[in-house]
Structure formats: structure tokens, C-alpha cells
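Please take a moment to look over the chains shown below before reading on. The paragraphs that follow move from one small detail to the wider arrangement.

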Amino acid sequence: MTLKNRNLWLIAPAVTLIGVCFLYPVLWLLQRSVSEPVWGLQNYETVFGKAVYVGVLWNTASIAGATTLLCALIGFPVAYSMVHSRPWIRKLLIFVVLIPFWTSILVRSFAWLVILQRGGIINDLLIGIGLIAQPLDLVYNRFGVLLGMVQILLPFMVFPLFSVMARIDGSFFKAATNLGANPLRAFFRVYLPLTMPGLATGAMLVFIISLGYFITPEMLGGRGDTMIAQLIFQRIDEFGDWPLASALAIVLLVGTGLLFIVINSIFKLRGGRS
Amino acid sequence: MTEPLLKLDNIGKAYGAVDAAKDINLDVAPGEFVTFLGPSGSGKTTTLMMVAGFTEPTAGHIHLGGKPLDPIPVWKRDIGMVFQHYALFPHMSVAQNVSFPLEMRGVSKRDRKQQVEQALEMVGLSGFGKRLPKELSGGQQQRVALARAMVFRPSLLLMDEPLGALDKKLREHMQLEIMHLHKNMGTTVIYVTHDQEEALVMSDRIAVFNNGRIEQIGSPRDLYEAPQTKFVADFIGETNFITGKAEAVSGQGARVRGLAGQLGTDLNEGAPAVLAIRPERLHVVNGHAVEGDDNSLSGTVREVIYLGQSRKAIIALEDGTEVSALEQAAQAEATALEVGAPAALSFRARDARILADV
Amino acid sequence: MFYSAKFWGGLRGVINALLVVYMLAPLVIVLVISFSSALFLTFPPPGLSLQWYDKMFSNPTWSRSLITTLKIMVPAAAIATILGTAAALALSRMQSKWALFIRGVLMAPLIIPVIITAAAIFGVFRIWGLYGNLQGLILAHVILTLPYVLSTVSANLVMFDKRLEDAAANCGAPPWTTFRRITLPLISPSVLSGMLFAMVISFDELVVSLFLSTPRVRPVTVQMWSNIKGDTDPTIAAIATVLFLFSLIALLADGVARRKSGRAAGL
């Protein structure tokens, strides 16, 4: 028995399984998107032609974009605070931010529902103390979606930022102020550029992951917040519309893939220069 | 020579067009301590790995105790090995580590216990059996590795830079211990190192590796006093080279740039050659003739280095070649040297080797 | 004010507190409500009781779905652990370009949006008769969890000293013995960690299960999903708490395993 053979036997089951039960289905999906009802690109024309679908694509991009922006705005001070806190506080914060990796999105989206809905805790509280007379619409709208998604995706922003910030030498900032920059300018001219790699990595992760989100927008979003994943589910679940659902899935797949490649290559170019 | 224990018959290992080792021929007698010496990438470790069975030779055959080794897998070879950085099993105690090869050979539990104790005692680690490897110092880990490699009494023991991770003092101490163990146990050892001093101290014979080949095999004294190639002369100890062409080739002797020396290898008249002379054989005379010296040359003193028990003088010859001469303190007193002053040098023809210049 | 250390320290404290509230408060509230004595999702609850846990376990819909989840999770995690570990071992020994490609393919279910995987698997599994039964769900969960095992074990194998295997062979251990006595004990913390990961992912999985399950074979997450979309009572809070506790226990178990391995193996 040679070493090569042994590796072959070790890897064959996993590769076979993924090949048959994953790669083949994805290819099958690709095929259906161009072969039904007749061969051609008509399904893609529908996706990019009809206002309803274009609206969903726009929703998807804008929700992902807003989530990314909010994650950056919240993640930056959080990561900074983590780096500069005492060790036990840092450990606590890491644990707190890590919880999303381990708890189901379903549970956490449900929790937001309990808090935000019309008969939910916040409305009860505000009405109870007489601040408002009518319950506020805090959920089933864009606000609810973003609140839920940012909470879930925050770690993907915080950890890249944290690892970059932890390596930034405090003397840079001191040097900048010593050279006459006020703290604000020192921040924008020295600190922020140094954290750029972490910020960019985090933004890429958050944006790409948000594009395919399903559970949170479905539970916390309203009619106007339908994202592409929800549309795929609807087309299959309610209408059995495989051709269009396949086309949408392939658009999502290619879209995220292209985005990944483009951003990655921009990174490499930059990394090469500096 | 008695029947060799290990016979390497023209073995080689090629990775595509690159030869990691080529034309390796070596007989190792029972009880011998043979060192593979060479710079990194010279093929010494590759050769060792072929003997151990981790690397399959692409040419030639290996025989151990008269039997071909090629078809035998690693775990049936019965060759002990001390790995670089020891490779002690981190999840097993010291005793479990040493016991492992016995267990693999189906030795009964009671015998195992006794033999493990013996082996640990042999390396001076009795009572350390229950510890984990990482609780031991580097030198102690080294001993455990030694015990594990020897506990099943292999006929051949391989050691791959076993002292590389230790500091100088501990190294020298362990060199002596390994030599004593070798003498007491009578095990045949193949030892890989890139440290020429270590090789000179420990070995019965040294095989000097370079570019995947063995340049020369011989006793430490042979290699030092009678190198056959320029590489060997350069790699072992310090040597002065005077380059030129082989002249007046006759029998055992020849000349380079008019200086006589012993032929270290076959050379044709006019072939590029070097004359190699050790610094301690090169004498600064400056008026005090040294008896028996039959070659002389002259130059300018560039540097004088005081080394306590000796003095080293760097002298530039007329063509710019720098040579160094090493003299004992007592001798040095007779010839005071000043930087920039002319110096006359001499040496004996029988101390110089004339080698091919490659 | 800008230059005072007190100000910055205080600001950091505020940020930290807000973060903890934002990340944890929803979970804590659900946890508390699950012990509520009220009939609705009110907070703070007027009193405490275990009635919703009682209801969860006595209601056949919930108890059956919990059992279904376990019936999917246990075999799926076991298969994913074995196949993923084997693949990680093979890939760690392969150096060709193929190894990189194969790794990419095996990791793909983790990287591409899960809705695509779900739609694709559903489309094909329906044709193969793997829809609405345990086999289909188990297979799908193996696909989804295998990348987690592969990446966890691979990360450990990077640090694994392969000369230990050489040393074992030199000591006379044949390959299988070497694997059993040396390799497996040394990588077992990461295998365990990967398995826990696989269990949590399978336990919490919703999207693919949503496609593949029917009312007869329905894991707990799908049951919860359909109830949230209908009317909600605190039973769902109890279910959510169970899901959360499962993750928490797995997280703690993983932490313990890691710490232990750090002490014993010292990799």
C-alpha cells in the first residue's frame, strides 16, 4: 500500500459525497436556469428586466450595504475598546461578540421579535410610562432587519479590526501629535489608514454574507424588504417556479463569487504596492 | 574488513531532474561510528532517510546484515533512530515513550517494564518515567530519545543532528555521553551532522557529503591531513589555498606556482589546481629558518591577531592572495610582526596537498 | 475634556456596556420569558413557572420534532466527523495543486449562500426520493457540517509534527497502529471540537431543513419557524432557550476540550 493510495481512500468518501449531493445539484440548478421552459437566457432576462425582481436585487444590495456601514460604525469603536481594555474585560467582550457564532440565527431573530413587535417589550414599556399612546412600528420594516442583521454580522467586522488594531503601535499616534497634528487629524491621517486592511476585510465579509441572508429579513422585515434569498424560497415554495428560482440562485452565486474575486484582487494589488 | 553490517550499494535519490543523492557507496562495519558530514542540502539526511526507510531510493540497493533492506517497510526494519528535535510523543510519559518500540514488538508487560527501567538508567534518567516529555529539559529529552531508540537493541542506530537544538556546553557533554554509550553497548551508529568539530571528535570514520555525493570517506585524521578534494580541505578545518596549474607532476608530488606539495588526487600536467596548506603548517620565518621547510614564499603582513595560546597572522602574497599562519605563543615571540612589514613564509612539501581546482 | 483619560475611559465603558446589552439582552429576555407564568410574551413576567417547558415536552408536536432533530444530528455529525477527519488527514499529506482544489470544493457548502445549497439539494433530492425523510435530511446536514470538521481538524494538523509518525514507524508501529496510538490521540481534541461544531450547526440548521422536511418529518427549528409565523406563545421561548442552552453547552465543552488538550498534548 503506497502513501498515495492511502490518501485516495481517505479522501474519496468526502469528495464523492460532496460531488454527488452538492456539486451535482448546483450544476443541475444552473442547467434548469437556462433550459426551461426552452433553452436560452429568458429567465435571466426576467430577473434583470422585471421591475419586481430588479427591486429585490436593489433591496438586497442596499440592505447588505447598510448592514456593512452600520457594522463598520459600531465595530470600529467596539474593536478599539476591546484592544484597549483590561484583559478580563477583553475576554468578556470577545465572548459576548462570539455568541453569534454559536447561537442560532432563528433564536436571535425571534428574540428581537419579542422585544420589538407592537405588543412587544419596548412598546409596552413606552406606553406604560406614558411616553407614547400608539405602539411604534419597530419591526417588519427596514429598521428591524438592520437591527437583527448587524447584531449577527458584527463579529465578522470586529475580529478583523481587532487583530489589526492590536498590532498598531501606540507610538504612531504619539509621533503624529508630536509632529503637530491635533488628535482628530492624527486619527484620520495615521490611525484610520493603518486599520484599513482590517476594515476592508471586515466590510467584505459582512457585505458578501449579508447578500444571501434569509431568516432575519424573513422574520423581521416587511413587504418592502424582500431580499433575493427570500424570493428564491418563495418562487420554489409557493409557485414551484424552478426556472426563475434557479436563475436567481445563479445570479446570487455568480454575484457573490465575482465580488469576492474583484475585492480580493484589489486587495492583492494594494498589498503588493505597500 | 569483516563482513559489513550495512552496505550502501550505489544508491541514489532523484526528484525529477534533481539528484538529492547520487552514487552513494559505503560499507559500515559492526560497531563502527560513522558520521555523515556536510552542509545542508548535501544529501546526508536524504541518505540517512533511505537507510531508515522514510525515503525510497531511486537507484541502488541497501543491505543490512547481508539481507536486502529495500522491500522491508520502515516499521519492520529494526533500526533505531534519534530524530532531529527528538520527536518524542507528547501525549505519552517518558516511560510510555521508551516502552513503545517494545510494545510494537510484542514484548510482555513485565519485560517491558524492566527493559524500560534499564534503558532509562543507561541514559541517567531513572525515576523520570512518569514525567511528560515537555516537563524535561532539552538535554533530558535528548536522552529519552536515545533510550527509546536503543531500548529494543537495534543492530544499527541512526542519529539525525541529535544535538542541534542544544547549547554549546550541553552539546559537548552529550557528545561524550553518546560516545560512551556507543563504546559500552557496541551499537553501530550512523550520525548526521553539519558540525565538523563534532564529527572529528566522535567518529571512527567520516563521510563528507557535497552536492548529493560523498566526496571522501576516511578517519578524522585522514580527512584533516590528507584531503582528496578542495571541498574536503575547505570544509574540515581552516586551509590556505594557492591557486594555479599543476606542474612537474611526478609520482606522489607536483608543484603549483613553483611550490611543491603532495598529490592528493590524480592530476594531469597543466590542469587547474590548488595547493592546500593548513595555517599551523605555514611558518613565519623572517630570518629564523625552520628546519625541514623546503618551500618558501613572501608577502606583506595585513593583520596580526592575538589568540592567547597562539598568534594568527594574515599575510597578503604578492598576487594579493591572503593566507593565514598560526603559531604557538612561544614560537611567535621569536618573530615579532608588524602590520605593513614584509614577511617571509615557509612550509614542508609533505604538509601541503595539491588538489584539483573545481 | 478631549485630553482627559477619565473621559476616554468612561467612553470605553459606555461602549462596552452598550455592546453587552445589544448582544445579550434579547437572549436574556427570551430566557426569562420562557419561565414566565403569564400566557403571553410579557416582560417582565408577573411570576415564574415551568409550565412552558412542561408544555413543550408534553405536546407531541414539539417532543416529536426534538426527537427528529436528534435523529438527524447524531448520525449527520458522526458521518461528517469521520469523513471530514479522513479528508483533512489526506489533504494534509497531499502537496499537489489538486489538494488545494479539493479543499476548495469540500469547503464550498460553507462559503456559498446557504439558500443556494438548499434550493439545489431540494431540487435533486426530491427527484431521488430523499424528500420528507430522515435520510435526505441527514445527507444534507452532512454536506453542511463537513466543512466545519474539515477546517477545524486541518487547522490542528498544520501544527501536527509529522516526524512523530515517522518516529512511531521507526519504533516498529505499522501505519494503522501509528494512526491509532499517535496521530489520533494528538488530533482528537480538534476532532471533538469539529464534531461539536457539526452538532451545533446541525441542531440549529433551518434553511435546508425547511425545504426538505414535511409535517411528518420536521426538525425542531422548522417547527419553531412555522409557529413564529403563526401565533406565538412562550413555548417558543422555551424551545429557543433549549436551542440556546445546547449551543452554550457545546461551546463550554469545546472550551474544556481545548484547555485539556493544551495541557496534555502541548502541540
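In which sense, parallel or antiparallel, do β15(B) and strand β19 of chain B pair, and over how many bridges? In this predicted model, β15(B) and β19(B), the latter spanning residues 342-347, run antiparallel to each other and are joined over two bridges. Within this region, His283(B) is found opposite Ser346(B), a residue of β19(B).

That pairing belongs to a wider arrangement in chain B, where five strands make up an open sheet whose order is β15-β19-β16-β17-β18, with antiparallel pairing. The edges of the sheet are taken by β15 (283-284) and β18 (322-328) of chain B, and because each of these has a single partner strand, one side of each is left without a neighbour in the sheet.

Turning to chain B as a whole, the chain is divided into domain 1, covering residues 6-225, and domain 2, covering residues 238-356. The C-alpha centres of these two domains of chain B are 39 Å apart.

Chain B also meets chain C, and here 17 residues of chain B are in contact with 19 residues of chain C. On the side of chain C that touches chain B, helices α7 (163-170) and α8 (175-204) of chain C each supply at least two residues, and α7(C) gives the most, with six residues. By character, the residues on this side of chain C comprise twelve nonpolar, four polar and three charged.

Chain C has a further partner in chain A, since the model places 58 residues of chain A in contact with 60 residues of chain C. On the side of chain A that touches chain C, the largest share is provided by helix α1 (residues 3-35) of chain A, which contributes 17 residues. That side of chain A divides into 47 nonpolar residues, nine polar and two charged.

Which residues touch the most other members of the largest nonpolar core? This core holds 254 residues, and the ones that touch the most other members are Ile232(A), Leu248(A) and Ala119(C). Helix α7 of chain A, residues 142-167, supplies the largest share of the core, with 15 residues. Ala119(C), when its neighbours within four places in sequence are left aside, is in contact with Leu29(A), Ile232(A), Ile236(A), Ala245(A) and Ala249(A). Ile232(A) thus appears both among the residues that touch the most other core members and among the contacts of Ala119(C).

Notes:
Residues are numbered from 1 along each chain as its sequence is written. Chains are lettered from A and ligands numbered from 1 in the order in which they are written. This is a predicted model: local features need pLDDT of at least 70, side-chain atom pairs count only at pLDDT 80 or more; totals for chains, interfaces and linings use all residues. Two residues are in contact if their C-beta atoms, placed from the backbone, lie within 7 Å. Helices (H or I, at least four residues) and strands (E, at least two) are DSSP runs, numbered from the N terminus. Ala, Val, Leu, Ile, Met, Phe, Trp, Tyr, Cys and Pro count as nonpolar, Asp, Glu, Lys and Arg as charged, and the others, Gly among them, as polar. Two strands pair if DSSP finds at least two bridges between them. A nonpolar core is a set of buried Ala, Val, Leu, Ile, Met, Phe, Trp, Tyr and Cys residues joined through C-beta atoms within 7 Å. A residue is buried if 20 or more other C-beta atoms lie within 10 Å of its own, exposed if 12 or fewer, and partly exposed in between; C-beta atoms are placed from the backbone. Domain bounds come from an automatic or database domain assignment.
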